[in-house]
Amino acid sequence: MMPRLGQKYAIEIETISKPIADYQTDEYFELDLPTAPAVMVAEEIVVEGADVAEDALEAVICRHLGLPLPAPAKRGFLQRLFGQ
């Protein structure tokens, strides 16, 4: 999802991956960064400790870049029925 959005919008994507123990140190908490897993756009924390829906992330990216929000994706019958 992230590389696709990076190609669609003029935004730099940086992925940081560390062992869980590195995120639980005092030094990490002093950086005032979110708890992993997390997604940030500029200084805004989009989600912390959970997954994020692609449409929600795309809306935050558009808002950050000053672009109009994307149209909501059409949902099929099964998606409406099961709420996915």
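The following exercises, each with a worked solution, concern a predicted model of a protein chain.

**Exercise 1. The overall fold**

Determine how many helices and strands the protein chain has, and state the pattern in which they follow one another.

*Solution.*
Step 1. The elements are counted: the protein chain has five helices and two strands.
Step 2. The elements are then read along the sequence, which gives the pattern α-α-α-β-β-α-α.

**Exercise 2. Dimensions and burial**

State what radius of gyration the protein chain has and what a compact globule of 84 residues would have. Then describe the extent, burial and surface of the chain.

*Solution.*
Step 1. For a compact globule of 84 residues, the radius of gyration would be near 12 Å, but the value for the protein chain is 16 Å.
Step 2. The C-alpha trace spans about 45 × 30 × 20 Å along the principal axes of the chain.
Step 3. Of the 84 residues, 18% are buried.
Step 4. The protein chain exposes about 6,800 Å², and 55% of this area is supplied by carbon and sulfur atoms.
Step 5. Contacts are considered between residues at least 6 apart in sequence; 29% of these join residues at least 24 apart.

**Exercise 3. Charged side chains**

Find how many positive and negative side chains the protein chain has, and how far apart the centres of the two sets lie.

*Solution.*
Step 1. The count gives 7 positive and 14 negative side chains.
Step 2. The centres of these two sets lie 19 Å apart.

**Exercise 4. The strand pair**

Identify the sense in which strands E1 and E2 pair, and name the residues that stand opposite one another.

*Solution.*
Step 1. Strand E1 comprises residues 38–41 and strand E2 residues 44–48; the two pair in the antiparallel sense over four bridges.
Step 2. Two of the pairings can be named: Val 41 has Glu 44 of E2 as its bridge partner, and Val 39 stands opposite Val 47 in E2.
Step 3. The hairpin has two residues between the strands. Ala 42 lies in this loop between E1 and E2, and has a positive phi of about 60° although it is not a glycine.

**Exercise 5. The two faces of E1**

Decide which side chains of E1 point to the buried face and which to the other.

*Solution.*
Step 1. The general rule is that side chains in a regular strand alternate between the two faces of the sheet.
Step 2. In E1, Val 39 and Val 41 point to one face and are buried, whereas Ala 38 and Met 40 point to the other and are not buried.
Step 3. Ala 38 has a relative accessible area of 33%, and is therefore partly exposed.
Step 4. Leaving out residues up to four places away in sequence, Ala 38 touches Val 47 and Glu 48. The C-alpha atoms of Ala 38 and Gly 49 are separated by 5.8 Å, although the two residues are eleven residues apart along the chain.

**Exercise 6. Glu 58 and Asp 32**

Establish whether each of these residues is buried or exposed.

*Solution.*
Step 1. Glu 58 is found in helix H4, which covers residues 54–65.
Step 2. The relative accessible area of Glu 58 is 10%; buried means under 20%, so Glu 58 is buried.
Step 3. Apart from neighbours within four places in sequence, Glu 58 is in contact with Leu 5, Lys 8, Tyr 9 and Pro 70.
Step 4. Asp 32 lies in the loop between helix H3 (26–30) and E1.
Step 5. The relative accessible area of Asp 32 is 68%; exposed means over 50%, so Asp 32 is exposed.
Step 6. Asp 32 is not a glycine, yet has a positive phi of about 60°.

How values were computed:
Residues numbered from 1 in each chain as written. Predicted model: local features only at pLDDT ≥ 70, side-chain atom pairs only at ≥ 80, totals over all residues. Heavy atoms only, no water. Rg over C-alpha atoms; globule rule 2.2 N^0.38 Å. Buried < 20%, exposed > 50% of the residue type's maximum accessible area, 1.4 Å probe, protein only. Contact = heavy atoms within 4.5 Å. Areas by Shrake-Rupley, 256 points an atom, 1.4 Å probe, with all protein chains shown as cover. Lys, Arg positive; Asp, Glu negative; His and termini not counted. Charge placed at Lys NZ, Arg CZ, Asp CG, Glu CD. Pairing = 2+ DSSP bridges.
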